[in-house]
Amino acid sequence: MSTTDATVLTDHETFAEGPPHPMFDAIRAETPLADSGVGPEGNRLWAVCRHADIAEVSRSTDRFSSNVAGIFPNSNAVFNLMLTQNLLLYKDPPDHTKFRKILQTAFVPNSVNKRQEQVRATIDAFIDGVIERGECDFVKQIAVPFPLSVLMDLMGLPREDIHTLEGWIDAIEAATISGVSDEANPVMMEMAPYLLEQITRQKEAGTESLVVTLANAVVDGESMKDEEILVFFGLLVFAGNDTTRNTLANGMRVLLEHPEQMRMLVDDPSLIPNAVEEILRYTSVVQYFCRTATADTELSGCPVGEGDKVMIWYTAGSRDPGVNDDPHRFDITRDSIEHMAFGGGGRHFCLGAGLARQELRVAFEQILGRMENIELADAPVRKRTNWANALTSMPITFRSGSPLNPS
Ligand code: HEM
């Protein structure tokens, strides 16, 4: 039983200054399950903050479902559940296993490695756009357009459509904050004709892309239905962007708060891959997802009733002192880094983790090499939400430098 009031975790205001780590620490120390009150559909909500418990929930898809009532406290948050049940993130095995295979080949290390130089050229183009001015809004001018452009290339989408896609992502993110049922359904209505047009155009042009892979996919001997292709597309556009942008922006913020570690990276770029893992751990930008108990069950000896929702707080799991020493210390030289930024390690473990790591590594190589003396020009602005650890603006100043040699 927890003496900490975990009901406030469903209030965005609790996250106004960042994730409430002291509260997560207290809950983690006291109990595997803290009562987070009653959800919008009358079911009990529990906060799960320990690394081992989050991992157990994530692995036990038979006991803790993503499908029966979705992955937010409100089953119909963002999109209607009937629509989202087609989404990979919302599927349980065996369906999930079949659908995950469709996308898997695009994200194997070989496919990701082949794109490295294109990713480097992409971040370079955004740095080119600001370098002579010596100032920019890091979030708006670099962190937002960079991963979106990488993903648009992967999907064979014309770069001039970037603002249309940005608008859709913003609308979906706004819906994750409001929690209002079906709020982003109109986005799907707009995406549908766009996607169909892209499929036709790319097939005619013989383009090899994720969009064509989706359109040609066969599951159980049948082509995917239009709505399945659509939600897959929506998932990739959102999951692949919002997350990477938030990690890049928060990563830069954390480095600015720890200038001695930023200096170490500039002096020795071979530390960048480890720094990326530490940034992923320290910022854990997807703060939680939910699962629903399929029957009366238990977690670490505590009862969970059928229909109860557990909120698995990845951001707390990444700072569990049981798996990382002195977890609130940001340290790019840590020997072993255990984090839940990409999920709890179960079947839904982030499919784009390899691509995201590559994007972040290449981005920091180019940014830290080409932009010298980076400093904050004004306070970063946070998004008020308990779901994404996100910045909306971070003005910086810098000088033009010479590229790093990451080898
Ligand atoms: C730093 C960047 C990223 C972070 C922090 C992140 C985080 C996550 C998290 C927490 C999950 C849920 C895991 C779970 O429930 O256990 C997830 C799933 C997923 N992510 Fe990522 N992600 C990132 C980048 C990407 C990218 C670049 C792509 C693709 C272009 C992507 C595609 C997906 C997909 C398709 C899933 C669903 C997997 C499934 O349900 O089987 N993500 N991600």
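Start by selecting Glu183: in this predicted model the residue is partly exposed, at 34% relative accessibility. That label follows because the value falls between the 20% and 50% cut-offs. Zoom out a touch and you'll see that Glu183 sits in the loop joining helix H9 (162-178) to helix H10 (185-205).

Next, show what surrounds this side of the loop. Leaving aside residues up to four places away in sequence, Glu183 touches Val78, Ala174, Ala175 and Ser178. For a sense of scale, draw a C-alpha to C-alpha distance from Glu183 to Phe330: the two are 37 Å apart in space and 147 residues apart in sequence.

Now colour H9 and bring up helix H13 (residues 242-257). How do H9 and H13 pack, in angle and axis distance? Their axes are 11 Å apart and the angle is about 85°. That angle lies within the 65 to 115 degree range, so the two helices count as roughly perpendicular. Turn on side chains where they meet: Ile169, Asp170 and Glu173 are the H9 residues, and across from them in H13 are Asp242, Arg245 and Asn246. By residue type, this contact divides into 4 charged, 1 polar and 1 nonpolar.

Time to move to the sheet. Select its 5 strands and walk across in the order S1-S2-S10-S7-S3; the sheet is open and its pairing is mixed. At the edges you'll find strand S1 (34-38) and strand S3 (64-65), each pairing on one side only.

Stop at strand S2 (residues 44-48) and strand S10 (residues 309-313). Are they parallel or antiparallel? S2 and S10 pair in the parallel sense, over 4 bridges. To pick out one bridge, select Ala47, whose partner in S10 is Met311.

Keep the sheet on screen and add helix H2 (residues 51-59). H2 lies across S2, S3, strand S7 (288-293) and S10. Compare directions with S10 in particular: H2 runs at about 125° to that strand.

Last stop: Val108. Look for this residue in the loop between helix H4 (95-104) and helix H5 (109-114). Is Val108 buried or partly exposed? With a relative accessible area of 34%, Val108 is partly exposed. Finish by selecting Ala353 as well: along the chain Val108 and Ala353 are 245 residues apart, yet their C-alpha atoms are separated by 10.0 Å.

Terms used: Residues are numbered from 1 along each chain as its sequence is written. This is a predicted model: local features need pLDDT of at least 70, side-chain atom pairs count only at pLDDT 80 or more; totals for chains, interfaces and linings use all residues. Side-chain values use heavy atoms; hydrogens and water are left out. Buried means under 20% relative accessible area, exposed over 50%, partly exposed in between (1.4 Å probe, protein chains only). Two strands pair if DSSP finds at least two bridges between them. Contact means heavy atoms within 4.5 Å. Axes are lines fitted to C-alpha atoms, for helices over the stretch in contact, and angles run from 0 to 180 degrees between N-to-C directions. Angles under 35 degrees count as roughly parallel, over 145 as roughly antiparallel, 65 to 115 as roughly perpendicular and the rest as oblique. Ala, Val, Leu, Ile, Met, Phe, Trp, Tyr, Cys and Pro count as nonpolar, Asp, Glu, Lys and Arg as charged, and the others, Gly among them, as polar.
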